[in-house]
Amino acid sequence: MASEQAQDQFRLVSPSINHEGKLPRKYTDEGQGAKKNLSPPLEWYNVPDGTQSMALVVEDIDAPDPSDPIKPWTCWVVANIPPTLKGLPEGFSGKEEEVGGDYTCLKEGHNDYKVPGWRGPKLPSNGHRFQFRLFALDEQLKLGNKVTKEKLLEDIEGHVIGEAQVTTMF
């Protein structure tokens, strides 16, 4: 029964996470050429019944801050992900129109670099943990033009019907 429940659980995965729990450098600012700053592929399973949209927040949860020892650094914010989608392909960020279909409904928010879309980390040291959180929501969000993590988290309050997360290392 317990393994049956685990199979039915809302889950988020990235097929690019290796057996050591790490994502390759091509998803960072330190990749090579065209293989640099690609948004990682994500897949999700068992979206809760009643989900009208989903939202994604990706953060470096070990980022140092000069005024505070640890302050999460936002790498990616995505709102209004249709529940019909089963994931986001590698390198998707910034290509909603190009990919087409239900992907055109997505809205990429501003990261902590103050630009919209995925912005891979430029790591001062190895061993940073990155947390990917996917929220299943009971409504479509109306966020305006400039979406930030703070605005998104404020707007989803009271509307989360499920949360899936995965943490990886860079």
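Buried means under 20% relative accessible area, exposed means over 50%, and partly exposed lies in between (1.4 Å probe, protein chains only). The legends below use these words throughout.

This is a predicted model, in which local features need pLDDT of at least 70 and side-chain atom pairs count only at pLDDT 80 or more, while totals for chains, interfaces and linings use all residues. Residues are numbered from 1 along each chain as its sequence is written, and side-chain values use heavy atoms, with hydrogens and water left out.

**Figure 1. The whole chain has three helices and eight strands.** Helices (H or I, at least four residues) and strands (E, at least two) are DSSP runs, numbered from the N terminus. Along the sequence they follow the pattern α-β-β-β-β-β-α-β-β-α-β. The C-alpha trace spans about 45 × 40 × 35 Å along its principal axes. The radius of gyration is 16 Å, which agrees with the value near 15 Å for a compact globule of 170 residues. That radius is taken over C-alpha atoms, and the globule rule is 2.2 Å times the number of residues to the power 0.38. Buried residues make up 45% of the 170. Contact means heavy atoms within 4.5 Å. Of the contacts with a separation of 6 or more, 71% join residues 24 or more positions apart.

**Figure 2. The chain surface exposes about 9,000 Å².** Carbon and sulfur atoms supply 48% of this area. Accessible areas come from the Shrake-Rupley method with a 1.4 Å probe; for residues, only the protein chains shown count as cover. The chain carries 19 positive and 26 negative charges, and their mean positions are 7 Å apart. Lys and Arg count as positive, Asp and Glu as negative; His and the chain ends are not counted. Each charge is placed at NZ of Lys, CZ of Arg, CG of Asp or CD of Glu.

**Figure 3. The largest nonpolar core holds 27 residues.** A nonpolar core is a set of buried Ala, Val, Leu, Ile, Met, Phe, Trp, Tyr and Cys residues joined through side-chain atoms within 4.5 Å. Leu12, Trp44, Leu56, Trp76, Ile81 and Phe132 touch the most other members. At least two residues of this core come from each of strand 2 (42–45), strand 3 (53–60), strand 4 (73–81), strand 7 (129–137) and strand 8 (160–169). Apart from it lies another core, of 11 residues, including Val57, Leu141, Leu152 and Ile156. In soluble globular proteins, nonpolar side chains tend to be buried together.

**Figure 4. Trp118 sits in the loop between strand 6 (107–108) and strand 7.** Trp118 is buried, at 6% relative accessible area. Beyond residues up to four places away in sequence, Trp118 touches Tyr27, Asn37, Leu38, Ser39, Pro40, Val58, Cys75, Trp76, Ser93, Glu108, Asn111 and Phe132. Two of these partners, Trp76 and Phe132, appear in Figure 3 among the core residues that touch the most other members. The C-alpha atoms of Trp118 and Trp44 are 18 Å apart, with their positions 74 residues apart along the chain.

**Figure 5. Asn37 and Asn80 have positive phi values.** Phi of Asn37 is near 60 degrees. Asn37 lies in the loop between strand 1 and strand 2, and is partly exposed, at 22% relative accessible area. Phi of Asn80 is about 55 degrees, although Asn80 is not a glycine. Asn80 belongs to strand 4 and counts as buried, at 9% relative accessibility.

**Figure 6. Ser16 lies in the loop between strand 1 (11–13) and strand 2.** Ser16 counts as buried because its relative accessibility is 18%. Neighbours within four places in sequence aside, Ser16 is in contact with Lys22, Leu23, Pro24, Tyr27, Pro41 and Glu90.

**Figure 7. Pro48 occupies the loop between strand 2 and strand 3.** Pro48 is buried, with a relative accessible area of 18%. Residues up to four places away in sequence aside, Pro48 touches Phe10, Ala136, Ile161 and Gly162. Gln9 is 39 residues from Pro48 along the chain, yet their C-alpha atoms are separated by 8.5 Å.

**Figure 8. Glu96 is part of helix 2 (residues 96–99).** Glu96 counts as buried, at 13% relative accessibility. Neighbours within four places in sequence aside, its contacts are Tyr103, Thr104, Leu106 and Glu108. Glu96 and Glu108 are 12 residues apart in sequence and 9.1 Å apart, C-alpha to C-alpha.
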